[in-house]
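Please look through the structure below with some care, since the paragraphs that follow lead from one residue to its surroundings and then on to the interior.

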Amino acid sequence: KVIITVRHPAAFASSLQRLGWNFDFKDLLEQPLLMRDHLEAYREEMLAIEADDVIGQASLLWKMIYRSVHTTLRHTQGDARSLNPDLQVVRHEDFSRDPLNKYRDLYSTLGLDFSKRVEKVILNSSSSENPTELSLKKTHSVKLDSAANIKNWKKRLSAEELGRIREITGEVADLYYSNEEWE
């Protein structure tokens, strides 16, 4: 099985903005086979994004990744010759809301043993006693109040930024998230 996690585009963009992590599309543009086979439709958008526009970069990157995921998923489900017949997409927010049950189900799907130790690690990592947002000095920590974290983007983004993210991610975001999940 191949498991791909999708995260709400506004949450993704707001995290990259908070951390000041920009993305240089030149890295993709300089890969002719990748561009030819998967990303040519995005060339003009990649060229137009400003170097300091983290919201625009994150939104475009999210759109490109999850359009490719959706296309691959649709292709693999309809093609018995696929190299990835067991591709599965899960949503970050679903695991954040109910980590124990979602991971238990995932472990079962993957044929893994959901031991007491695994349960303890999940509970410890996602507890409501953990911080609701990570310190900028501990960006890779795994201890976070996972249920509270899924709402952080709503406090960080302006209405204008949120509208821009939604405009850029558009119909791709609609494949994974309802209108209510943007509110």
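Which residues does S96 touch, not counting residues up to four places away in sequence? In this predicted model, the residues that S96 touches under that condition are S146, A147 and I150. S96 itself is found in helix 6, which covers residues 92-97, and S96 counts as buried because its relative accessibility is 6%, under the cut-off of 20%.

Helix 1, made up of residues 9-19, can be followed next, and its buried residues are P9, A10, A11, A13, S14, S15 and L16. L19 is also found in helix 1, but with a relative accessibility of 23% it counts as partly exposed, since that class lies between 20% and 50%. Although L19 and L136 are 117 residues apart in sequence, their C-alpha atoms are 6.9 Å apart in space. Just after helix 1 comes G20, which takes a positive phi of about 70°.

From here the reader can turn to the nonpolar interior. The largest nonpolar core has 19 residues, and of these W62, Y66 and Y176 touch the most other members. The elements that give two or more residues to this core are helix 1, helix 5 (54-78) and helix 11 (159-174), and helix 5 gives the most, with six residues. Y66, when residues up to four places away in sequence are not counted, touches I4, T5, V6, R7, V172 and Y176. Apart from this largest core lies another core, of 12 residues, and among them are L29, L39, L61 and M64.

Definitions and conventions
Residues numbered from 1 in each chain as written. Predicted model: local features only at pLDDT ≥ 70, side-chain atom pairs only at ≥ 80, totals over all residues. Heavy atoms only, no water. Buried < 20%, exposed > 50% of the residue type's maximum accessible area, 1.4 Å probe, protein only. Helix = DSSP H or I, 4+ residues; strand = E, 2+ residues; numbered from the N terminus. Contact = heavy atoms within 4.5 Å. Core = buried A, V, L, I, M, F, W, Y, C linked by side-chain atoms within 4.5 Å.
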